[in-house]
Amino acid sequence: MAQTSAVADDFDVARARAYERRRRLVLILRLALAVVIVGTWEITTRTGCHGPDSATCVVDPFFFGQPSGIWSQLVSWVQKGTAQGPLWEQIAVTLEETVLGFAIGVILGILFGVALGRNRLLSDVLGPYINVLNAMPRIVLGSIFAIALGLDIQSKIALAVVLVFFVVFFNAFQGVREVDRDLLANARILGASQGQLSRHVILPSALSWILTSLHTSFGFALVGAIVGEYLGARKGIGLMIATAQGTFNANGVFAAMVILAIIAIIAEALIVRLENFLIKWRPNAINYPVAM
Amino acid sequence: MAESAKPAIELDRVTKRFVSPTGRSFTALRDLDLTVAAGEFVAVVGPTGCGKSTTLALISGLEPPSLGTIRVFGEPVKSVGRSVGYVFQRDAVFPWKNVLENVAMGPRFRGADNEEANTQAREWIARVGLAGFERYYPHQLSGGMRKRVALAQTLINQPRILLMDEPFSALDVQTRALMENELLELWASTGASVVFVTHDLEEAIGLADRVVVITAGPGTVKGTYRVDLPRPRNIAEVRFQPRFIEIYEEVWKDLRDEVLVSYERSKHLVAS
């Protein structure tokens, strides 16, 4: 007996080691890939495009930026601030617009999705209009919002809401439509009122659909805020990008993108947390890979 | 108990037609007459697609009949009534609620406060043998345990009419016999009228006071048979009694023809 358990132990240890080796290999390969890509970018843009020996120029950093230049741009923003004020202020403004737009869009999307999903007449009447609105390139509405709501955060929030709403709406609608008929019948027999049906059966059932839509729609909220700022603003990361573009500062554009990427990754991690918290009843709650 | 004179359930020449989205109509039940006395256990058997489940949906008030009347304790059924409990064929427990929350739903829907509902729910969870599993989610339980949750969830409302739609068909044979015995015990203590739909004749005879055979669709009553086996019964053993076998043969003669009709039709459907 002792021997068999020792064999099992050895087997487990070997397996754990193999697993650990593989994990390390993946990590090393990932890092190597990043080094190769960033390194190639750096080296090819250091081939002397601006100077006496410009014949050797491969990639011009004036147009394509340069990793070291992007880094020093970030450092200078952190230390000296941006053209329109401290960096943190810009990030805070963009975040405020994104989060508010996201929250309003999600709430409206869920309300409309559940209402239309539950009411056949309402969905038959409004359905075509919603499809038309969805098919339109709504980003253009940013111009209207800039005219109507001015250069402050309202116009950016409005644009983010318009982008987020449809993603959440369609998912909530579909989720409500796919509620198990037996569960509905069961709840009715048990004595549920219409309101109780919505709260105890329809919403929880549609929740996995709605939560899936949050992953995409946060990205849309960020796009709405940035484009809104780009179209006209006094503060924000979108304005920083517009300013960088205006001064032919490619490194500035890339540096702003780095900041946006970090924001998006943190938001994604928070959404995964929310998802796992809300649907802990699921057999194997989906774990979206965070920060690959 | 003046009410016991009135039948618990009366279906009077009930017809149910469904209209498909393409406008074609399909008759599930035609001129179905069925009476269930208070406290009686009636099993309804019939071939696949004969409208057994539709019958339950009509009695529960989930679906209105196309023609005819349905009365529960003398009152015409207009919507989902409070005296009805319904155990579904598939698991209809709520996957996002744990066992306690699932069982407590009935009382909560009917206006009990949380504490009261939970106290009642704990009691019923214990009665179906799931004490200790209050915090488990349905996906963490076996099929038989989920069925127990469904039973507790239904019985906690103390329905005077219990409708069961092939509730044990997804369980393995041993679990099934166990659950059938427990159902009989629970039923004996509640005195509810039961309509139990199944395609398993052994199960029907083992459980019921009366077996009703429904014809291949459109469904109507082909015959009813009194099961005069003594109670309490043990499902695992009752089937060896000579009287059980006699009744089985008698009912099977009726049922066989309908099963064949239904089978021939399904062959044609596949062929065409």
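Let us begin with Val161(A), which touches Gly101(A), Ile104(A), Gly105(A) and Leu108(A), leaving aside residues up to four places away in sequence. Please keep in mind that this is a predicted model. Val161(A) belongs to helix H7 of chain A, which spans residues 153-177.

Is Val161(A) buried or exposed? The program counts 23 other C-beta atoms within 10 Å of Val161(A), and the residue is therefore classed as buried, because the cut-off for that class is 20 or more. Ala221(A) deserves a mention here as well: Val161(A) and Ala221(A) are 60 residues apart in sequence, yet their C-alpha atoms are 6.9 Å apart in space.

I turn now to the place where the two chains meet. Here, 15 residues of chain A are in contact with 21 residues of chain B. On the chain A side, the elements giving two or more residues are helix H8 (181-190) and helix H9 (194-231). The largest share, seven residues, comes from H8(A). By character, this side of chain A comprises nine nonpolar, four polar and two charged residues.

Finally, let us consider a sheet in chain B. Strands of a sheet pair through backbone hydrogen bonds, either parallel or antiparallel. In chain B, six strands form an open sheet with mixed pairing, in the order E6-E7-E8-E3-E9-E10. Which strands lie at the edges? They are strand E6 (84-87) and strand E10 (221-226) of chain B, each of which pairs on one side only. From one strand to the next, the twist averages 15 degrees.

At one of these edges, strand E9 (residues 210-214) of chain B pairs with E10(B) in the antiparallel sense, over five bridges. Within E10(B), Gly223(B) is the bridge partner of Val213(B).

Technical notes:
Residues are numbered from 1 along each chain as its sequence is written. Chains are lettered from A and ligands numbered from 1 in the order in which they are written. This is a predicted model: local features need pLDDT of at least 70, side-chain atom pairs count only at pLDDT 80 or more; totals for chains, interfaces and linings use all residues. Two residues are in contact if their C-beta atoms, placed from the backbone, lie within 7 Å. Helices (H or I, at least four residues) and strands (E, at least two) are DSSP runs, numbered from the N terminus. Ala, Val, Leu, Ile, Met, Phe, Trp, Tyr, Cys and Pro count as nonpolar, Asp, Glu, Lys and Arg as charged, and the others, Gly among them, as polar. A residue is buried if 20 or more other C-beta atoms lie within 10 Å of its own, exposed if 12 or fewer, and partly exposed in between; C-beta atoms are placed from the backbone. Two strands pair if DSSP finds at least two bridges between them. Axes are lines fitted to C-alpha atoms, for helices over the stretch in contact, and angles run from 0 to 180 degrees between N-to-C directions.
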